[in-house]
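Look at the fold below. Follow how its strands line up.

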Amino acid sequence: MTSNVRFILVGKTGAGKSATGNFILRRSAFVCRNIPGSFIQEAEAHSVQLDNRIVTVVDTPGLFATQGCLLRTLTSVQSSLDFVKPGPYCFLLVIQFGKLTDIEHYTAELLKIMFGPNVLEQTIIVFTHEDDAALSGKNIEDLVNDFYGNENVKSLLDECGGRYITLNNYEFNEELRRDKLQKVIMMADTLAIDWKGYCEESFSVYRRVLQKHAENWKDEHLTAEQVRIIKVEQKQEERKYTIFSNVTGAMVGAGIGVLGVATYAVGPVAVGALTAAIPVIAKHFK
Ligand SMILES: Nc1nc2c(ncn2[C@@H]2O[C@H](COP(=O)(O)OP(=O)(O)OP(=O)(O)O)[C@@H](O)[C@H]2O)c(=O)[nH]1
Ligand SMILES: [Mg+2]
């Protein structure tokens, strides 16, 4: 496998997105939150060469970071795609281990209105602060299973095809770091095999609908009803586009058909005329 790997980090503010980005890049490319006011407002990308492959990581503004308009933040997160399209790429939904709550389910809903209803099929969950979990004396897998008992978390993990990885972003053991990195890249490679492609038109529909509502809905949260309205509008707009492209496709197809028939009909006449003309032309130039 020599193709490139592209990750987009998404999740709540302080979940460990930038630290995870640095873990993958193996250098401090992104600024972590321990520096006051350091969190980013716009998506930012860095790359590293690993073996023969370029690994690109895009960091995004944390969700629920400020008192500002959530929809504005979502449109900034959406611009992360500009660094990785047309793909394949995958999302890393970063969750701080000890802070796994029902809000993660809400975050997943936000991912769907940003990147489309199937986004979780392209998502790997990253549980950070594995070291904290270890301090509790519990096995990390057991902790995930405990959370799995929670219906919302269970459905989130299920929707992500059960893909998750646990990370201590400050792991000192080089071998352990390498193993984790290999694991997450392997997951991305598996997802890339089933890559369904990137659709610019659908994505601009998702973006437009969010931008439109950002004019009026300026709160730091969206209600379930607002999320529902956005989803319905996105679906309607996307359907309009699909119908339009099918109709124009059919028209272009019909045009080619007519042209083909015309060529077929005119062809023999033209060839005939040319054959008849050749002796005349030849005679003329004798
Ligand atoms: N102990 C420990 N600390 C971590 C780990 N991952 C991240 N942190 C710390 O958690 C804090 C938040 O991490 P960031 O990576 O800055 O979080 P973020 O998601 O990028 O936050 P925003 O940019 O505000 O959205 C920082 O102080 C990190 O150093 C981890 O695995 N273990
Ligand atoms: Mg950050």
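This report goes through the sheet, its pairings and a helix that packs on it. The model is predicted.

**The sheet**

Strands of a sheet pair through backbone hydrogen bonds, either parallel or antiparallel. Here, six strands form an open sheet, with mixed pairing. Their order is 2-3-1-4-5-6. Strand 2 (44-50) and strand 6 are the edge strands, and each pairs on one side only. From one strand to the next, the twist averages 25°.

Helix 1 (residues 17-25) packs on this sheet. Helix 1 touches strand 1 (5-11), strand 2, strand 3, strand 4 and strand 5. Its direction makes about 170° with that of strand 3.

**Pairings**

Three of the pairings are set out here.

| Strands | Sense | Bridges |
|---|---|---|
| Strand 2 and strand 3 (residues 53-59) | antiparallel | seven bridges |
| Strand 4 (residues 90-96) and strand 5 | parallel | six bridges |
| Strand 5 and strand 6 (residues 164-166) | parallel | three bridges |

Single residues show the partners. Glu 44 has Asp 59 of strand 3 as its bridge partner. Leu 93 is matched with Ile 125 in strand 5. Phe 127 is matched with Thr 166 in strand 6.

**Strand 5**

Is strand 5 buried or exposed? Six of the six residues of strand 5 (residues 123-128) are buried, so the strand is largely enclosed by the rest of the structure. Thr 123, Ile 125 and Phe 127 point one way from strand 5. Ile 124, Val 126 and Thr 128 point the other way. All of these residues are buried.

Methods:
Residues are numbered from 1 along each chain as its sequence is written. Chains are lettered from A and ligands numbered from 1 in the order in which they are written. This is a predicted model: local features need pLDDT of at least 70, side-chain atom pairs count only at pLDDT 80 or more; totals for chains, interfaces and linings use all residues. A residue is buried if 20 or more other C-beta atoms lie within 10 Å of its own, exposed if 12 or fewer, and partly exposed in between; C-beta atoms are placed from the backbone. Helices (H or I, at least four residues) and strands (E, at least two) are DSSP runs, numbered from the N terminus. Two strands pair if DSSP finds at least two bridges between them. Axes are lines fitted to C-alpha atoms, for helices over the stretch in contact, and angles run from 0 to 180 degrees between N-to-C directions. Two residues are in contact if their C-beta atoms, placed from the backbone, lie within 7 Å.
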